[in-house]
There are 2 protein chains.
Amino acid sequence: MRLSKLQRYRVPLALAGATAVVILAARFAPAAKRTRQKGGGKPRRVVVVGAGFGGLAAARRLVHVPRVDLTVIDQNNHHLFQPLLYQVATAALSPDDIACPIRDTLVRGGRATVRMQRVTGVDTNAREVVCGEERIAYDVLVLATGSEPTYFGHSAWRKLAPGLKTLEDALGLRRQILGAFEQAALASDPAERDRLLTFVLVGGGPTGVEMAGAIAELAHDMLPRDYPGLKGRVRVVVVEAESELLAHFAPGLSHYSEQQLRRMGVELRTGVKVAEIEPGRLKLGDEELVASTIIWAAGVEATPVAKWLGLKPGHGGQVQVGPDLKLPDHPEIYVIGDAALAVGGDGKKLPGLAAVAKQQGRYVAERIVEELDGPAAAKPFRYRDYGSLATIGRNRAVAEIGGMHLRGVPAWLVWAGADIVFLMGFRNRALVSAQWLISYVTHRRDSRIIS
Amino acid sequence: MRLSKLQRYRVPLALAGATAVVILAARFAPAAKRTRQKGGGKPRRVVVVGAGFGGLAAARRLVHVPRVDLTVIDQNNHHLFQPLLYQVATAALSPDDIACPIRDTLVRGGRATVRMQRVTGVDTNAREVVCGEERIAYDVLVLATGSEPTYFGHSAWRKLAPGLKTLEDALGLRRQILGAFEQAALASDPAERDRLLTFVLVGGGPTGVEMAGAIAELAHDMLPRDYPGLKGRVRVVVVEAESELLAHFAPGLSHYSEQQLRRMGVELRTGVKVAEIEPGRLKLGDEELVASTIIWAAGVEATPVAKWLGLKPGHGGQVQVGPDLKLPDHPEIYVIGDAALAVGGDGKKLPGLAAVAKQQGRYVAERIVEELDGPAAAKPFRYRDYGSLATIGRNRAVAEIGGMHLRGVPAWLVWAGADIVFLMGFRNRALVSAQWLISYVTHRRDSRIIS
């Protein structure tokens with residue numbers, strides 16, 4: 001749906017108002033309740049591996065507990081707000097906007113040790129985390145190492161169709177996408193130009209939908225102004241093996257997303273699997289797509305935690321944990337987030353969502369505090385589902401919140417508000433968040449830098 | 001000079017006021033006068049190579065001239081505000097903050113062709129710029145390709161002591177500096193920790209002074225909060241072959257800079273040359289400095305324009321041009337900026353400054369317009385020296401403006417104001433510029449991301 005001019009201005013105005021309210025609310029909200037502290041006793045060495053949503057949530061709760069000697073290990077020095085990575089890839093945000101130094105929240109004022117290191121194993125007998133030649137002893141270990149793209153056995157596809165999990169991935173994709181525009185502007189052969197301007201997203205989940213919408217918008221914003229000769233020539237295709245996009249959402253919302261993407265000029269190929277990927281081309285049954293950019297958003301698998309622990313990995317490489325998120329044979333080891341195969345109250349596997357990881361991180365921190373003086377009866381972890389969101393583009397999103405199904409501008413405002421709160425939460429850069437949303441709404445993209 | 005608490009707040013307040021005035025002034029200032037346009041005649045193909053300060057200044061003036069068919073070639077898609085590169089390297093700014101897409105100013109509304117390509121040569125007989133297998137014909141050529149660090153024949157030093165000329169350089173240095181802090185936090189051997197925390201700047205010109213001050217401030221801001229164990233252990237050393245830093249400034253200002261750097265804990269080695277650089281160590285006469293990070297700011301040489309033109313390069317690889325900035329044998333070729341060896345009205349070689357390149361770019365554009373209908377009598381190029389600025393740190397800078405010598409807070413305010421105007425000029429992101437200055441003044445560094 002193309003909004004009329006008047007309606008267009010209504011959205012930024014509403015947004016500006018909403019932003020102001022959110023900023024004020026966040027500013028004057030009471031500080032989060034500190035985790036209950038117990039006195040006396042020997043300090044426990046708690047090691048958290050991974051500072052994603054799960055690990056950071058646990059660490060933030062534990063850092064102020066006097067009897068916890070906390071160490072956080074991550075191979076990066078920053079926590080990454082992964083849900084907005086696609087905005088870095090499509091030049092709407094700068095890498096520094098969605099990453100925050102781990103030390104910011106944990107070291108300052110608290111007493112955590114942060115180690116920027118790559119973990120290579122876990123010695124469960126000695127109770128030590130192994131980082132190359134170094135060993136870090138623990139009493140309690142929290143493994144929250146997340147996931148990475150899986151190619152279902154086709155490891156050669158990894159290079160040809162990169163995923164979107166790290167800042168490097170996002171910057172590489174940005175370079176690839178903007179570079180393709182630049183090369184297309186120089187290309188004299190129409191077939192070569194078409195190849196350069198074709199972008200294929202493999203996977204029609206939230207990441208694939210968001211990325212497809214973002215590339216279509218980038219083309220729509222940039223091409224008429226910056227590359228007048230390429231206007232209308234960009235082709236974006238989403239390939240999904242299921243019969244519809246966003247299969248986890250209610251059918252009405254799935255349908256709305258497909259309709260909106262089509263209106264933005266995105267082509268959909270549903271119910272079809274990728275047969276082969278070769279450099280610059282992709283085979284789907286009878287069809288062959290010739291594309292300079294192929295992006296993988298078809299699935300993830302757990303990072304090699306199972307191997308570290310000497311366990312047989314479950315589905316997607318995950319480690320099976322009990323209802324208290326502990327390893328059955330090692331009550332001193334918790335696995336949370338995408339690395340864990342945990343089951344909800346309904347007996348279904350919990351999804352790989354930031355919200356699940358965060359709630360698990362908080363749960364584990366509470367458990368660790370409760371058990372400072374020895375084993376305590378455990379309430380099992382229960383995931384509280386506040387809803388799902390996926391954004392398709394400017395003013396276009398879908399949301400399921402409680403029983404409500406939102407679409408279009410209301411869903412988009414929820415999405416924008418949620419992102420402001422999250423970004424502010426760890427960045428504290430209200431000005432930048434507001435600025436970003438305003439420039440996003442006004443179609444400006446200042447980050448079109450190929451580095 | 002350590003400012004008292006009250007004085008501290010005075011600076012941000014004054015700054016906020018100044019920012020508001022600058023923003024308003026820039027907003028309501030009359031648009032820049034368009035270059036005088038001549039009617040009739042055949043369009044001339046003008047090719048500008050390099051979109052730095054010189055090339056972009058020329059291109060901006062030429063893009064609206066109807067009879068000029070303008071092409072701009074650059075190996076990057078962005079213009080870079082090099083004077084603030086050191087702020088990216090020291091995590092105060094994000095790369096996207098100081099880079100702006102070339103197409104932003106030239107394509108939109110104008111009629112320039114922008115080509116992101118690497119130039120490999122110039123065929124002066126055929127009047128074509130050579131980019132690999134492609135050739136771009138010109139009637140008038142402007143070469144504005146700038147300079148790169150020179151190691152005075154020691155090409156092995158390039159890898160051991162990188163310079164600071166590109167976004168990649170800045171991000172590499174940021175990774176190096178922040179990575180050194182992270183490794184130092186893990187180091188158990190005191191000698192190894194000292195090596196990691198020693199930073200050597202080779203060259204005591206504006207770049208060396210700014211970078212030394214910025215690293216000292218980074219250490220001062222970050223270490224107590226993020227790495228309490230490393231507090232006070234960082235060592236920053238500036239090595240300068242001349243007898244004083246900032247030798248081009250008035251003696252009083254040089255002396256002030258040295259004094260301020262010393263107060264910030266920076267060690268100075270003046271009147272001494274680098275004898276040898278090896279991985280992680282640097283020899284100066286009798287002294288040997290063991291340092292994980294060595295940064296080269298000792299000199300630049302012109303990019304290989306002379307080779308493209310088949311000319312013998314002058315001092316620093318530059319190409320000798322006439323008083324009208326044309327090649328003596330090729331009146332259709334201009335060389336400007338750091339690539340050119342031009343002489344001022346006083347017979348002295350013009351310095352390699354952004355201001356010189358910009359004025360040359362504008363001059364050349366005027367000349368090209370004047371000569372659209374054939375050769376015209378040329379006024380020689382005259383550099384108008386508005387002054388020099390170098391910043392040492394927060395509230396510490398030196399400036400020579402006209403006959404005035406400023407130091408401390410007044411010079412720093414001039415520097416900050418000038419940077420806001422420049423950043424706004426090409427970025428139009430008033431909010432970000434203001435935000436940056438405020439966070440810089442308030443000691444926040446949100447860009448401490450190692451990627």
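The exchange below concerns a predicted model and looks at its domains, a few of its strands and one helix pair.

Colleague: Which element gives the most to the side of domain 1 of chain A that touches domain 2 of chain A?

Modeller: The domain assignment of chain A gives domain 1 as 33-149 + 301-373 and domain 2 as 157-299 + 388-441, and 20 residues of domain 1 of chain A are in contact with 25 residues of domain 2 of chain A. On the domain 1 side, at least two residues each come from strand S3 (78-80), helix H3 (85-89), strand S4 (99-101) and strand S10 (147-149) of chain A. The element that gives the most, with five residues, is H3(A).

Colleague: How do the residues of that side of domain 1 of chain A divide into nonpolar, polar and charged?

Modeller: The side in question is the one that touches domain 2 of chain A, and the centres of the two domains, taken over C-alpha atoms, are separated by 30 Å. Its residues divide into 14 nonpolar, four polar and two charged.

Colleague: Which strands are the edge strands of the open sheet S14-S15-S16 of chain A?

Modeller: This open sheet has three strands with antiparallel pairing, and the twist averages 15 degrees from one strand to the next. Strand S15 (residues 281-284) of chain A is joined to S16(A) over four bridges, with A:Arg281 bridged to A:Val290 in S16(A). Pairing on one side only marks the edge strands, which are S14 (276-278) and S16 (287-290) of chain A.

Colleague: Which residue takes a positive phi in the hairpin of S24(A) and S25(A)?

Modeller: S24 (residues 396-401) of chain A pairs with S23 (residues 388-393) of chain A in the antiparallel sense over five bridges, and in the hairpin of S23(A) and S24(A) a positive phi near 70 degrees is taken by A:Asn395. S24(A) also runs antiparallel to S25 (residues 404-407) of chain A, with four bridges between them, and A:Ile401 has A:Met404 as its bridge partner in S25(A). The hairpin of S24(A) and S25(A) has two residues between the strands, and the residue with a positive phi, near 60 degrees, is A:Gly402.

Colleague: Is the crossing of H2(B) and H11(B) left-handed or right-handed?

Modeller: Helix H2 (residues 53-62) of chain B packs against helix H11 (residues 354-370) of chain B at an angle of about 30 degrees, and their axes are 7 Å apart. Among the residues that make the contact are B:Phe53 and B:Leu56 of H2(B) and B:Val364 and B:Ile368 of H11(B), and the contact residues divide into 10 nonpolar, four polar and three charged. The crossing of H2(B) past H11(B) is right-handed.

Terms used
Residues numbered from 1 in each chain as written. Chains lettered and ligands numbered in written order. Predicted model: local features only at pLDDT ≥ 70, side-chain atom pairs only at ≥ 80, totals over all residues. Domains from an automatic or database assignment. Contact = placed C-beta atoms within 7 Å. Nonpolar A, V, L, I, M, F, W, Y, C, P; charged D, E, K, R; others polar. Pairing = 2+ DSSP bridges. Axes fitted to C-alpha atoms, helices over the stretch in contact; angles between N-to-C directions. Left-handed = near helix turned anticlockwise from the far one by under 90°.
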